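Please examine the sequence and the three-dimensional model shown below. The explanation after it goes from the overall composition to individual elements and residues.

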Amino acid sequence: MGSIPARSGLVTAFDELPPFHPLNDDDVRSYLHKAVDFISDYYKSVESMPVLPSVKPGYLRDELGASPPVHPAPFDIAMKELRASVTHSTFFKACRLAGFDPANFRSIPTGPETDYGVDPVKLLAAMQADAMAGLVPTYVCATVGTTSSNAVDPIGDVAKVAAMFNVWVHVDAAYADSACICPEFRHHLNGVERVDSISMSPHKWLLTCLDCTCLYVRDARRLSQSLKTDPEYLKNDASVSGDVTDLKDMQVGVGRRFRGLKLWMVMRTYGTANLQEHIRRDVTLAKMFEDLVHADDRFEIVVPRNFALVCFRIKTTGVRAADEVNRLLMANVNKTGKAYLTHTVVGGRLVLRFAVGSSLQEERHILSAWELIRKTSSEMMN
Ligand SMILES: Cc1ncc(COP(=O)(O)O)c(C=O)c1O
């Protein structure tokens with residue numbers, strides 16, 4: 001057994017350092033209890049909160065001092081600051097990061113004839129034109145559940161076209177893949193066996209808090225062959241044996257958060273059947289809203305609903321006037337703080353988006369939101 005030599009009389013530079021005060025376990029316990037209470041209180045009273053924050057951009061900067069506190073701030077003050085915290089076009093950004101010239105990106109126009117999903121014939125024509133012009137088609141990204149309108153690209157047909165040019169096919173199913181845990185939505189992924197990669201984000205619709213995105217690749221070696229590093233200081237028996245998958249070889253950085261744990265906890269605590277019911281309830285509520293819109297002939301559904309997003313608008317004659325009326329309706333509804341509509345442009349027309357997705361939404365919330373939209377529209381039309 002070893003022993004530590006007595007330090008009698010030895011004064012080192014270490015002794016002259018001011019003491020470091022780590023958190024003590026009683027404080028940690030008390031802080032964590034307060035944090036859980038804060039989240040539970042918020043969850044319980046969320047219905048009474050306005051959908052729009054009452055703070056303006058820059059609010060937090062004014063609340064915080066010009067520099068961080070030198071001495072510890074009481075936990076209750078730190079919690080108060082948390083209350084005000086606030087928070088896409090990622091594909092084009094990723095292409096730029098990968099070094100592709102934006103002049104070489106192609107967006108294939110879509111229309112009502114394909115329910116706003118990509119037409120494989122148009123994709124083929126665009127790829128052929130590029131190849132004829134001496135360019136090398138490299139990567140195709142199809143989307144299942146577009147951000148704008150939840151349109152679905154036919155991924156099997158897209159993959160067949162892409163295979164003619166030997167390009168990588170990625171499927172972005174960030175939102176809609178969650179629905180595919182239910183057998184009745186699984187057909188949206190038909191053809192997935194032909195693609196190279198697919199991503200989904202459980203933080204969008206699978207009750208997992210930000211951020212958690214899963215990337216599935218057909219051949220993980222192609223990732224690790226591009227990103228593997230092998231510095232001496234990271235070698236250990238497990239990595240040398242090749243028995244473990246070292247995730248540092250599938251990403252740019254080395255360190256990595258354990259996001260998979262959150263998803264695992266969600267799957268364990270809810271269970272698959274319950275998660276499927278969560279998706280089905282949201283889709284049923286969205287369908288209910290869609291039926292209400294259909295039943296009022298002042299409105300139209302612009303994109304057929306696939307999941308829990310309804311894209312609708314007030315019908316009026318004259319495109320410009322209709323866009324303005326719809327924008328005003330959105331602004332007036334949002335001003336009430338009782339519901340929150342977003343918008344997009346589909347086929348050159350401004351469209352309102354009604355999204356169902358909160359685990360606390362019930363039928364009565366949908367009915368009251370529709371009532372608010374109807375009442376606001378009637379007031380505007382009068
Ligand atoms: C289809 C799709 N892909 C990618 C993203 C980007 O998601 P995030 O910002 O959560 O990474 C979104 C966001 O709405 C999306 O709908």
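The paragraphs that follow treat the whole chain, a strand and its partners, two helices, and three loop residues.

The coordinates are those of a predicted model. The protein contains 13 helices and 8 strands. Of its 382 residues, 33% are buried. The accessible surface comes to about 24900 Å², and carbon and sulfur atoms account for 58% of that area.

Strand β6, which spans residues 309–314, is a suitable place to begin. This strand is mostly covered, with 6 of its 6 residues buried. In a regular strand, side chains alternate between the two faces of the sheet. In β6, L309, C311 and R313 point one way, whereas V310, F312 and I314 point the other way. Both sets are buried, R313 being one of the residues concerned.

Which strands pair with β6? One partner is β5 (residues 299–303), which pairs with β6 in the antiparallel sense over 4 bridges. The connection between β5 and β6 is a hairpin that passes through 5 residues. Within this pairing, I301 stands opposite F312 of β6. Strand β8 (residues 349–355) is also joined to β6 by 4 bridges, and these two strands likewise run antiparallel. Here V310 of β6 stands opposite F354 of β8.

Helix α13 covers residues 363–381 and thus offers a helical counterpart to the strand just described. It has 19 residues, and the distance from its first C-alpha to its last is 27 Å, close to the 27 Å expected at 1.5 Å a residue. The buried residues of α13 include I366, A369, W370, L372, I373, T376 and S377. These residues cover an arc of only 155° around the axis, and therefore lie on the same side of α13. The spacing follows a general rule: an α-helix has 3.6 residues a turn, so residues three or four places apart point the same way.

A different situation is found at the surface. F258, L261, W264, M265 and M267 make a nonpolar surface patch of about 540 Å². Of these residues, L261 lies in helix α10, which spans residues 259–270. Is L261 buried, exposed or partly exposed? Its relative accessibility is 39%, so L261 counts as partly exposed, since that class lies between the limits of 20% and 50%.

Three loop residues deserve attention for their backbone geometry. The peptide bond that joins L210 and D211 is cis, with omega at about -10°. D211 belongs to the loop between α7 (202–205) and β4 (214–217).

The other two have positive phi values. D115, a residue other than glycine, has a phi near 50°. D115 is found in the loop between α4 (90–97) and α5 (120–132). With a relative accessible area of 42%, D115 is partly exposed. N150 is not a glycine either, yet its phi is positive at about 65°. The place of N150 is the loop between β1 (139–143) and α6 (155–163). There, N150 has a relative accessible area of 3% and is therefore buried, the cut-off for this class being under 20%.

Technical notes: Residues are numbered from 1 along each chain as its sequence is written. This is a predicted model: local features need pLDDT of at least 70, side-chain atom pairs count only at pLDDT 80 or more; totals for chains, interfaces and linings use all residues. Side-chain values use heavy atoms; hydrogens and water are left out. Patches are made of residues with over 30% relative accessible area and no salt bridge: like charges are joined within 9 Å, nonpolar side chains (Val, Leu, Ile, Met, Phe, Trp, Tyr) within 5 Å. Accessible areas come from the Shrake-Rupley method with a 1.4 Å probe; for residues, only the protein chains shown count as cover. A salt bridge is a side-chain nitrogen of Lys or Arg within 4 Å of a carboxyl oxygen of Asp or Glu. Buried means under 20% relative accessible area, exposed over 50%, partly exposed in between (1.4 Å probe, protein chains only). Two strands pair if DSSP finds at least two bridges between them. The expected span of a helix is 1.5 Å times one less than its number of residues. The arc is that of the directions from the helix axis to the C-beta atoms.
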